[in-house]
Every structure is written in structure tokens, then in C-alpha cells.
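The following paragraphs lead the reader through one protein structure, from individual residues to the overall arrangement. Please keep the sequence and the model in view while reading.

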Amino acid sequence: MIKKVLIGLVFVFLFVNIFLVNVIFHELGHYMAARYYDLEPEMSIEFENIEELSFSLKGIPIASTNFLDNGNRYETALVAFAGPFVNLLFSIGFIILFFIFKDNFYIKETVIIGFIISLGSCLMNLMPIAGS
């Protein structure tokens, strides 16, 4: 019984950390693209509202990247897509790891968690949802 609880806690720990790494690298994708186009990006990470996280369409900002809008819609679109693209790359990486470690149950389960978080983050960030 205790072993199952500890394994569950480890997977929760892994879920939270994989999620946070995805968020940080997602924002780094925006930041690096905006920096490439000289849009003076500023990235911020704040964990003050993290206790309010829930599975809903309400956005709780954990990290954000702000940059200048130079009026070039092409560059702005590329900067906007750079974050979800990083999450897509992560999900592809997790698929590759899944096949490499298919015989190890614990690593395989961790990789599945990473894949779901990464692909979900990519798709969620591509949805056109108006802000409140």
C-alpha cells in the first residue's frame, strides 16, 4: 500500500515538474523568436497564483513573454507560434523516448505523462480563445 502511494506521489511530482519545464521552454520559444526579430522581449515567471490553477479555460498566468508589436503580422505570427512549436518538439521527443524505453514501465509512464502535457500544451495554445 505504501509503495503504491509513494509511486503515485512520484508521478505527481514528475507531472508538476514536466508541466513547469514545458511552460518555461514554451515561453523561451516566444522569447527567442521575439529576440530574433529585435522585438525587445521580456519574459516573466511568477508562481504567486499557482494555487489557483485548475482545469478550465480560465488562464492563470504562470509565465508570459511580452514583446514590441512592430506591425509586421508575419513576424508576430511566428513569435506567437514559437511557443507551441517548442511544445510540439517536446512531444516528438517524448514519443522517441517512449520507443527507446518501452521495456521500462516507470520511464515509459513518465514519458507518456510528458507526451500528454507537451502535446496538450501545444494544442491548447493554438486554440483561438479570446481573453477576458
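Is Tyr36 buried or exposed? The model, which is a predicted one, gives Tyr36 a relative accessible area of 64%. Tyr36 is therefore exposed, since the cut-off for that class is over 50%. Tyr37, with a relative accessible area of 22%, is partly exposed. The two rings of Tyr36 and Tyr37 form an edge-to-face aromatic pair, with 5.0 Å from centre to centre and 85° between the planes. Another edge-to-face pair is formed by Phe98 and Phe99, at 5.4 Å centre to centre and 85° between the planes. Phe98 has a relative accessibility of 27% and counts as partly exposed, while Phe99, at 54%, counts as exposed. The count of aromatic pairs comes to five.

The overall plan can now be set out. The protein has three helices and two strands, and along the sequence these follow the pattern α-β-β-α-α. Of its 132 residues, 26% are buried. The exposed surface of the protein is about 9,400 Å², and carbon and sulfur atoms supply 69% of it. If one takes the contacts between residues at least 6 apart in sequence, 66% of them join residues at least 24 apart.

Helix H1 covers residues 2-36 and holds 35 residues. At 1.5 Å a residue it should span 51 Å, and its end C-alpha atoms are 50 Å apart, so the expected and modelled spans agree. The buried residues of H1 are Phe11, Ile18, Leu20, Asn22, Val23, His26, Glu27, Gly29, His30, Ala33 and Ala34. Their cover includes strand E1 (42-45), strand E2 (63-66), helix H2 (73-100) and helix H3 (105-126).

Some of these buried residues belong to nonpolar cores. In soluble globular proteins, nonpolar side chains tend to be buried together. The largest nonpolar core here consists of six residues: Phe11, Ile18, Phe94, Val111, Ile113 and Ile117. H1 and H3 are the elements that give two or more residues to this core, and H3 gives the most, with three. Ile113 illustrates how the core is joined, as its contacts beyond four places in sequence are with Phe11, Phe15 and Ile18. A second core, separate from the largest one, has five residues, among them Ala33, Leu39, Val79 and Ala82.

After H1 the chain enters a loop that leads to E1, and Asp38 is found there. Its phi is near 55°, a positive value in a residue other than glycine. Glu40 lies in the loop between H1 and E1 as well, and it too is not a glycine but has a positive phi, of about 50°. Most residues other than glycine have a negative phi. Both loop residues are open to the surroundings by the accessibility criterion: Asp38 counts as exposed because its relative accessibility is 64%, and Glu40 counts as exposed because its relative accessibility is 57%.

The strands come next. E1 and E2 pair in the antiparallel sense over four bridges, and one of the partnerships joins Met43 to Thr65 in E2. In a regular strand the side chains alternate between the two faces of the sheet. E2 has a covered face, formed by Ala63 and Thr65, and an uncovered one, formed by Ser64 and Asn66.

Which residues does Tyr31 contact, leaving aside its neighbours within four places in sequence? Tyr31, which lies in helix H1, is in contact with Pro41, Glu42, Met43 and Thr65. Two of these names, Met43 and Thr65, have already appeared as bridge partners. The C-alpha atoms of Tyr31 and Phe67 are separated by 8.1 Å, although the two residues are 36 apart along the chain. Tyr31 counts as partly exposed because its relative accessibility is 23%.

Notes: Residues are numbered from 1 along each chain as its sequence is written. This is a predicted model: local features need pLDDT of at least 70, side-chain atom pairs count only at pLDDT 80 or more; totals for chains, interfaces and linings use all residues. Side-chain values use heavy atoms; hydrogens and water are left out. The expected span of a helix is 1.5 Å times one less than its number of residues. Buried means under 20% relative accessible area, exposed over 50%, partly exposed in between (1.4 Å probe, protein chains only). Contact means heavy atoms within 4.5 Å. Accessible areas come from the Shrake-Rupley method with a 1.4 Å probe; for residues, only the protein chains shown count as cover. A nonpolar core is a set of buried Ala, Val, Leu, Ile, Met, Phe, Trp, Tyr and Cys residues joined through side-chain atoms within 4.5 Å. Two strands pair if DSSP finds at least two bridges between them. Rings of Phe, Tyr and Trp (its six-membered ring) pair if their centres lie within 6.5 Å; planes under 30 degrees apart count as stacked, over 60 as edge-to-face and the rest as tilted.
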